[in-house]
Amino acid sequence: MKLQPESKKELLRIAGGTAFCTAIMWVLFAALHLVGWVKFDYTVVLGSLVGAAVAIGNFAGICFVVQKIIDEPDEKRRKATLQLSYNSRMLLQALWVVVAVAAPCFQPFAGVLPLFFPRVTIYYLQITGKYKPLTLKAEPVDVSVEDDPEPADAQQSAPDEKGGET
């Protein structure tokens, strides 16, 4: 299955943002390594590269599944496919977190942090106005308020009664 141009554009933006955030994380690790707070070695680079690949793969999975089900006429099948996709992607990410923490060849923090970079990228794009979620155009609704509304039915039936007088 080939991605549609709009999906490809969004995937490339997420991949670019994730790569940028990963590079910033490397710079921060290097700076903290200089002051002796953390160790910056191959485990940081390897963990962050695999973590970034998992994060980008997760977003690509979203793109492929949504593109696949967009033409599905049965709503129950659409929901079931989306739910299965979501559960599978979350399970894959959870598995990666376990491996990143347990395996000595990965620095745990550097392996898990890239999973949040697509979300950071989306927030950045929203804040800068480069990403706006699609909104359905609704028909304009007249919410004007009249200055002198029509009297209620009770007042129209007896206009000579003033009410409230004793």
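## Thr22 in helix 1

Thr22 is buried, with a relative accessible area of 3%. In this predicted model, the residue belongs to helix 1, which covers residues 5-34. The side chain of Thr22 places a polar atom 2.7 Å from the backbone oxygen of Thr18. Apart from residues up to four places away in sequence, Thr22 touches Ser48, Ala52 and Phe117.

A further spatial relation links Thr22 to Leu113: the two are 91 residues apart along the chain, yet their C-alpha atoms are separated by 8.7 Å. Leu113 sits in the loop between helix 4 (108-112) and helix 5. Is Leu113 buried or partly exposed? Its relative accessibility is 24%, and Leu113 therefore counts as partly exposed, because the buried class requires a value under 20%.

## Leu125 in helix 5

Leu125 is located in helix 5. Its relative accessible area is 9%, so Leu125 is classed as buried. When neighbours within four places in sequence are set aside, the contacts of Leu125 are with Arg13, Lys130 and Tyr131.

Leu125 also has a distant sequence partner in Gly17, from which it is separated by 108 residues in sequence. The C-alpha to C-alpha distance for Leu125 and Gly17 is 9.4 Å.

## Gln67 in helix 2

Gln67 lies in helix 2 and has a relative accessible area of 12%, so the residue is buried. Which backbone oxygen does the side chain of Gln67 reach? The partner is the backbone oxygen of Lys2, at 2.5 Å.

Lys2 appears again among the residues in contact with Gln67 once neighbours within four places in sequence are excluded. The full set consists of Met1, Lys2, Leu3, Gln4 and Ser7.

## The second largest pocket

The second largest pocket holds about 230 Å³ of space. Its lining is formed by Ala55, Asn58, Phe59, Ile62, Gln93, Leu115, Phe116, Pro118, Arg119 and Ile122. By class, 7 of these residues are nonpolar, 2 are polar and 1 is charged.

Which helix gives the most to this lining? Helix 2 does, with 4 residues. Two helices, helix 2 (42-69) and helix 5 (117-127), each contribute at least two lining residues. Both helices have been met above, since Gln67 is in helix 2 and Leu125 is in helix 5.

## The chain as a whole

The chain contains 6 helices and 0 strands, and its order along the sequence is α-α-α-α-α-α. Of its 166 residues, 26% are buried; Thr22, Leu125 and Gln67 are among them.

The accessible surface amounts to about 12,500 Å², and carbon and sulfur atoms account for 65% of that area. Considering contacts with a separation of 6 or more, 65% are made by residues 24 or more positions apart.

Definitions and conventions
Residues are numbered from 1 along each chain as its sequence is written. This is a predicted model: local features need pLDDT of at least 70, side-chain atom pairs count only at pLDDT 80 or more; totals for chains, interfaces and linings use all residues. Side-chain values use heavy atoms; hydrogens and water are left out. Buried means under 20% relative accessible area, exposed over 50%, partly exposed in between (1.4 Å probe, protein chains only). Contact means heavy atoms within 4.5 Å. Accessible areas come from the Shrake-Rupley method with a 1.4 Å probe; for residues, only the protein chains shown count as cover. On a 1 Å grid over the protein atoms alone, a cavity is a set of points where a 1.4 Å probe fits but cannot get out, and a pocket is an open set with protein on both sides within 12 Å along at least five of seven lines; lining residues have an atom within 4 Å of a point. Grid points are joined across faces, edges and corners, and a volume is the space filled by probe spheres set on the points. Ala, Val, Leu, Ile, Met, Phe, Trp, Tyr, Cys and Pro count as nonpolar, Asp, Glu, Lys and Arg as charged, and the others, Gly among them, as polar. A polar contact is a pair of N or O atoms within 3.5 Å; within protein, one must be able to donate a hydrogen and the other to accept it, and residues adjacent in sequence count only if both atoms are side-chain atoms.
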